[in-house]
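Subject: Structure for handover

Hello,

Please find the structure below, followed by notes on what was found in it.

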Amino acid sequence: MSKEKAPRRPRAETPKGFRDYFGAEVTERKAMLDAIAKVYQLHGFEALETSAVETVEALGKFLPDVDRPNEGVFAWQEDEKDWLALRYDLTAPLARVAAQYRNDLPTPYRRYAMGPVWRNEKPGPGRFRQFYQCDADTVGAPSVAADAEICAMLANALEAVGIERGDYVVRVSNRKILDGLMESVGLLDLNDPSYNAAERGIAMRAIDKFDRLGESGVEKLLMDGREDASGDFTQGAGLNYLQALSVTTFLMQRLPTNAETISGLRSLLAQSVRGLEGVQELETIAALLDAQGFGPDRIVIDPSVVRGLGYYTGPVFEAELTFEILDDKGNKRQFGSVAGGGRYDDLVKRFTGQAVPATGVSIGVDRLLAALRAKGRAEAPAPGPVVVTVMDRDRMADYFAMAADLRNAGIRAEVYLGNPKQFGNQLKYADKRASPVAVIQGTDEASRGVVVLKDLILGARIAQSATLEEWKDRPAQVEIPRSDLVAAVRQMLEG
């Protein structure tokens, strides 16, 4: 008789494209989000938490292939009825909320939201299927004053988490001036959005690469195409040289002051009503920012900003970190974008049938955390808890009383709950917990009413570099009266 196979054990690993976050990482992220939330609250924005699950219908069109509604998101069908999906951003749920509670919410409605989102996409290095976003949006404000406020708030948020002035710039443009440019070179017919749509998409993506490829590289993409260093060829938009020159001249209008940039754009787009409307909006935004002290050293008008070709309807903005880091090959490069957003006046209309103006920004939480680490400005890991070791199993009540005294004084503390037989294992545990102090009391110490405090941080430092004489002169542990436990631990922690 054949032996039955033992049931297969599950693999102890995260699914591909996902990761786990441990104590210090969670604490670090929370500290950053708390700092950002404080800025948002100072501007009068209210917190909103929405469900992680939305109907696919509410999430809207997010895929080119409409016959596969679960492509690109994690989705499932419930009882042969609605398709449900994990949210892929925080904006689509906001549109649903704005429509569902439109009679109860104030207008404009200003909210911020922070939380995980999910994308059913192919994972890669640094690209995960679950990641955090941090958004702030204003719904119901048609004036570009709302866009100016979002830009100012974004700059304040970056500084609040430790990004210094000079290490970032918020770049602002307007989809209307890009439409005006596309109109002037024959790639856009405002009465027929489908006209030259493919070529227009190529041109817009080329504009978005201006900072990386420069004037020559963008011109090639605007005309016949470009071959990169690897030999890959990218099809061009088919413009002639003069048309391409018009585009690159437009992109080079990022001048020393916002006023000069706006003046240049006004001249270049003089024949486009839509383009001039966008220029006027940028001029208003620049004036409102200037009145608050946000000059081009922090927020700059930059016509090369391109975001969400079918999504944004007016001002668009992007926060870029300008300091250099080393890439995987040891080459210097700028850190790049950590946030972006703009005006999207058509999103809520899907639910209500009526146009509802909206604007907002999304900060890439993991990107911003990586930037803070690169600059050495991330929140220092908090020390672990004080560990009360166990020398006598029958005296657990005494050890718990010590831990309670420390906690009542606001000091993190725990009693060791593993096997206390090997005392060395308790200290190894305390080391893994990054504990600053171990509390020790055996039978002898208890009979004398004392405890021993072992300064684990000082002890590790001494063990690394001190001589025997120095060790004796600076003992890493002291004996103190039990009644002085809280005061002595606090003194050690303050160091």
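**Around D137**

D137 is buried, with a relative accessible area of 2%. As a reminder, the model is predicted. D137 is located in strand β6, which covers residues 130–139. Its side chain makes a polar contact with the side chain of R111, at 2.6 Å. Apart from neighbours within four places in sequence, the residues in contact with D137 are F45, L94, Y109, R110, R111, I150, Y344, T359, G360 and V361.

**The annotated binding site**

D137 is also one of the residues under the UniProt annotation "binding site", which comes from an unreviewed entry. The other positions in that annotation are D89, L90, T91, R119, Q133, R307, Y311 and Y312. Among the annotated residues, L90 is included in the lining of the largest cavity.

Y311, another annotated position, is in a loop, between β10 (299–301) and β11 (315–326). Is Y311 buried or exposed? Neither term fits: Y311 counts as partly exposed, at 30% relative accessibility. Leaving out residues up to four places away in sequence, Y311 touches T91, R343, Y344 and L347. One of these, T91, belongs to the same annotation. Y344 is on the contact list of D137 and on that of Y311.

**Aromatic pairs**

The count of aromatic pairs comes to four. Two of them are described here, starting with F18 and F74. Their ring centres are 6.0 Å apart and their planes stand at 50°, so this pair is tilted. The pair links distant parts of the chain, the two residues being 56 residues apart. F18 is in the segment before α1 (23–42), while F74 is in the loop between α2 (56–59) and β3 (75–77). F18 is partly exposed, with a relative accessible area of 23%, and F74 also counts as partly exposed, at 21% relative accessibility.

The next pair is Y416 and Y429. Here the ring centres are 5.3 Å apart and the planes are at 70°, so the pair is edge-to-face. Y416 lies in the loop between β15 (413–415) and α14 (423–432), and Y429 lies in helix α14, so the pair ties together parts that are 13 residues apart in sequence. Y416 counts as buried, at 10% relative accessibility, whereas Y429 counts as partly exposed, at 28%.

**Charges over rings**

There are two cases to note of a charged end placed over an aromatic ring. The charged end of R19 sits over the ring of Y21, at 4.1 Å from the ring centre. The charged end of K375 sits over the ring of F323, at 4.7 Å from the ring centre.

**Around E54**

The last item is E54, in strand β2 (residues 53–55). E54 is buried, with a relative accessible area of 5%. Which residue shares a side-chain polar contact with E54? The partner is R96, and the contact is 2.7 Å. Not counting residues up to four places away in sequence, E54 touches L59, W83, L84, A85, P93 and R96. R96 therefore appears both in the contact list of E54 and as its polar partner.

Regards

Technical notes. Residues are numbered from 1 along each chain as its sequence is written. This is a predicted model: local features need pLDDT of at least 70, side-chain atom pairs count only at pLDDT 80 or more; totals for chains, interfaces and linings use all residues. Side-chain values use heavy atoms; hydrogens and water are left out. UniProt positions are given in the numbering used here, feature names are shortened, and annotations may be inferred rather than shown by experiment. On a 1 Å grid over the protein atoms alone, a cavity is a set of points where a 1.4 Å probe fits but cannot get out, and a pocket is an open set with protein on both sides within 12 Å along at least five of seven lines; lining residues have an atom within 4 Å of a point. Helices (H or I, at least four residues) and strands (E, at least two) are DSSP runs, numbered from the N terminus. Buried means under 20% relative accessible area, exposed over 50%, partly exposed in between (1.4 Å probe, protein chains only). Contact means heavy atoms within 4.5 Å. A polar contact is a pair of N or O atoms within 3.5 Å; within protein, one must be able to donate a hydrogen and the other to accept it, and residues adjacent in sequence count only if both atoms are side-chain atoms. Rings of Phe, Tyr and Trp (its six-membered ring) pair if their centres lie within 6.5 Å; planes under 30 degrees apart count as stacked, over 60 as edge-to-face and the rest as tilted. A charge sits over a ring if NZ of Lys or CZ of Arg is within 6 Å of the ring centre and within 35 degrees of the ring normal.
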